[in-house]
Amino acid sequence: MTDRLPPLHDAHDERGAKFTDFGGWQMPVEFDSIQTEHAAVRDAVGVFDVSHMGEIEVAGPDATELMNRLTTNDVRALDPGDSQYAAITNEEGVMLDDTVVYRLPDGTAAGEAAASLADLEDAHDGDLDAPSGDPAYLFVPNAGHDEQMQDRWTAHRDEWGLDATVANATDDWAMLAVQGPDAADALDEATPRDRVVDLSKFEATAAAVAGTESWVARTGYTGEDGFEVMCPADAVESVWAAFVDAPREAQPCGLGARDTLRTEMGFLLSGQDFDPEDEPRTPYEARIGFVVELDTEFVGRDALKAQKEAGVAEKFVGVRLRDRGVPRGGYAVTDGDLTRVGKLTSGTMSPTLDEPIGLGYLHESYADAGTEVSVVVRGDEKRAEVVIPPFLDR
């Protein structure tokens, strides 16, 4: 597939970023160094370009039913301005992707949200709860999954005879993640007209960021306080500059630091910690059973209900190496006597802890915190202990 370029690609190139392919996108992996960028997020504030994430808009009389049938959580619990984490599963309960679902102001037409953000607050008189039309949602698939999810939603809509529009708006939106203890101050300075710092976790609102009408959510993928800002792609340069240029000078961050930060928190990476082909896992195996609402009728519900009742054979855990070595995805985990008890799907040297850590799936009898195991690193068993993520107290 031809590499897709985020709208900030040239700006990143001028800043000297190193790039990598991720999900079919050419994305910055680092600007200065992974350690510098990681530390900025843990100690102050960093800004990520995450425009490789997908945006699918769903609206219409049956939008709520369509979303509820295709995600594991209960979108009926969302008021306009709320969001929730969910999984997308097949009939066997295997995760195809994980996602965040946003409830947009009612009456927002699918395919037009990015272009009409400037009208959202005026249309609703600043009250996102005001009923003014059919329900509307925006959900965020992982990089490279936007077309797959658009097709999936459209096919099931037609199969079930539901009245909803489904639009892939990935190329219309840009997305920035402003993360760290100073993220609220950075957003406050960039949004003088709006009090986005008053948002609670997983709340969102329309707001003018550096003069650009945007959709701002108090969400993130680092474990720190932070916000994700979605704005029209053709206006993102001014929003990016508001954070990384003087006087704020927030640290630009790439996907390398994003990976070390999320690993310290034990957050799943689609395509690596789960994949329907190479690493087929269910939400219960991946320890995100809290996003499964079995009282709703979603694809994969029956399989997950049966698995919850029977229990899982393997569980997603963390490991901390006691010996020298760096764990990596694919490394075997043993009982210390060459008997394989699982494998890692992610691993790194934690910049915060200065310790080698990994994530993966172990047989349930080895999945308790403190259990002694070994990780096979280049043919040698390295002593390790099981940790239930996160590795950091955040």
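Modeller: Two residues are said to be in contact when heavy atoms of theirs lie within 4.5 Å. Please keep in mind that the structure before us is a predicted model.

Biologist: Which residues is Asn73 in contact with, leaving aside its neighbours within four places in sequence?

Modeller: With those neighbours set aside, Asn73 touches Asn68, Gln84, Tyr85, Ala86, Val291, Glu293 and Thr296. Asn73 belongs to the loop between H3 and E5. Its side chain also reaches the backbone oxygen of Tyr85, at 2.8 Å.

Biologist: Is Asn73 buried or exposed?

Modeller: Here a cut-off is needed: a residue is called buried when its relative accessible area is under 20%, and exposed when that area is over 50%. Asn73 has a relative accessible area of 15%, so it is buried.

Biologist: How many of the residues of helix H3 are buried?

Modeller: Helix H3, residues 63-70, has 6 of its 8 residues buried, and is thus mostly covered. The buried residues are Ala63, Thr64, Leu66, Met67, Asn68 and Leu70. One of these, Asn68, has already appeared among the contacts of Asn73.

Biologist: Which elements do the buried residues of H3 pack against?

Modeller: They pack against strands E4 (56-59), E5 (83-89), E6 (95-104) and E7 (136-140), against helix H5 (146-160), and against E8.

Biologist: Let us turn to domains. Which domains does the domain assignment of the protein give?

Modeller: The assignment gives domain 1 as 8-53 + 171-264, domain 2 as 56-168 and domain 3 as 313-393. Domain 1 is therefore written as two stretches of the chain.

Biologist: How should the size of an interface be expressed?

Modeller: In general, the size of an interface is often given as the accessible area lost when the parts come together. In this model, domain 1 and domain 3 bury about 750 Å² between them, with 62% of it on carbon and sulfur atoms. On the side of domain 1, Arg262, Thr263 and Glu264 lose the most area to domain 3, together 69% of what that side buries. The centres of the two domains, taken over C-alpha atoms, are 31 Å apart.

Biologist: How many residues of domain 1 are in contact with residues of domain 3?

Modeller: There are 6 residues of domain 1 in contact with 11 residues of domain 3. Between these domains there are 5 residue pairs in polar contact (both at pLDDT 80 or more), while the count of salt bridges is 0.

Biologist: Which helices supply at least two residues of the side of domain 1 that touches domain 3?

Modeller: Helix H2 (34-43) and helix H8 (255-265) each do so. H8 gives the most, with 4 residues. By class, this side has 3 polar and 3 charged residues and no nonpolar residue.

Biologist: How many salt bridges does the structure hold?

Modeller: The structure holds 28 salt bridges. In one of them, Arg4 pairs with Asp171, the closest N and O atoms being 3.3 Å apart. Arg4 lies in the segment before helix H1 (9-14) and Asp171 in the loop between strand E8 (165-168) and strand E9 (173-179), so the pair ties together parts that are 167 residues apart in sequence.

Biologist: Are Arg4 and Asp171 buried or exposed?

Modeller: Arg4 is buried, with a relative accessible area of 17%, whereas Asp171 counts as exposed at 57%. A second pair to examine is Asp74 and Arg76, whose closest N and O atoms are 2.9 Å apart. There, Asp74 is buried at 15% and Arg76 is exposed at 54%.

Biologist: Where do Asp273 and Arg262 stand in the chain?

Modeller: The side chains of Asp273 and Arg262 meet in a salt bridge at 2.6 Å, N to O. Asp273 sits in the loop between H8 and helix H9 (301-310) and Arg262 in helix H8, 11 residues apart. Asp273 is buried, with a relative accessible area of 0%, and Arg262 is buried, with a value of 0%.

Biologist: Which residues are linked in a network of salt bridges?

Modeller: Glu279, Arg281, Glu285, Glu314 and Lys343 are linked in this way.

Biologist: As a last exercise, where is the place of Asp182?

Modeller: Asp182 is in the loop between E9 and helix H6 (183-190). It is partly exposed, with a relative accessible area of 28%. Not counting residues up to four places away in sequence, Asp182 touches Asp43, Ala44 and Val45. Its C-alpha atom is separated by 30 Å from that of Gln272, which stands 90 residues away along the chain.

Note on methods:
Residues are numbered from 1 along each chain as its sequence is written. This is a predicted model: local features need pLDDT of at least 70, side-chain atom pairs count only at pLDDT 80 or more; totals for chains, interfaces and linings use all residues. Side-chain values use heavy atoms; hydrogens and water are left out. Buried area is the accessible area (1.4 Å probe) that two parts lose on being put together, summed over both. A salt bridge is a side-chain nitrogen of Lys or Arg within 4 Å of a carboxyl oxygen of Asp or Glu. A polar contact is a pair of N or O atoms within 3.5 Å; within protein, one must be able to donate a hydrogen and the other to accept it, and residues adjacent in sequence count only if both atoms are side-chain atoms. Ala, Val, Leu, Ile, Met, Phe, Trp, Tyr, Cys and Pro count as nonpolar, Asp, Glu, Lys and Arg as charged, and the others, Gly among them, as polar. Buried means under 20% relative accessible area, exposed over 50%, partly exposed in between (1.4 Å probe, protein chains only).
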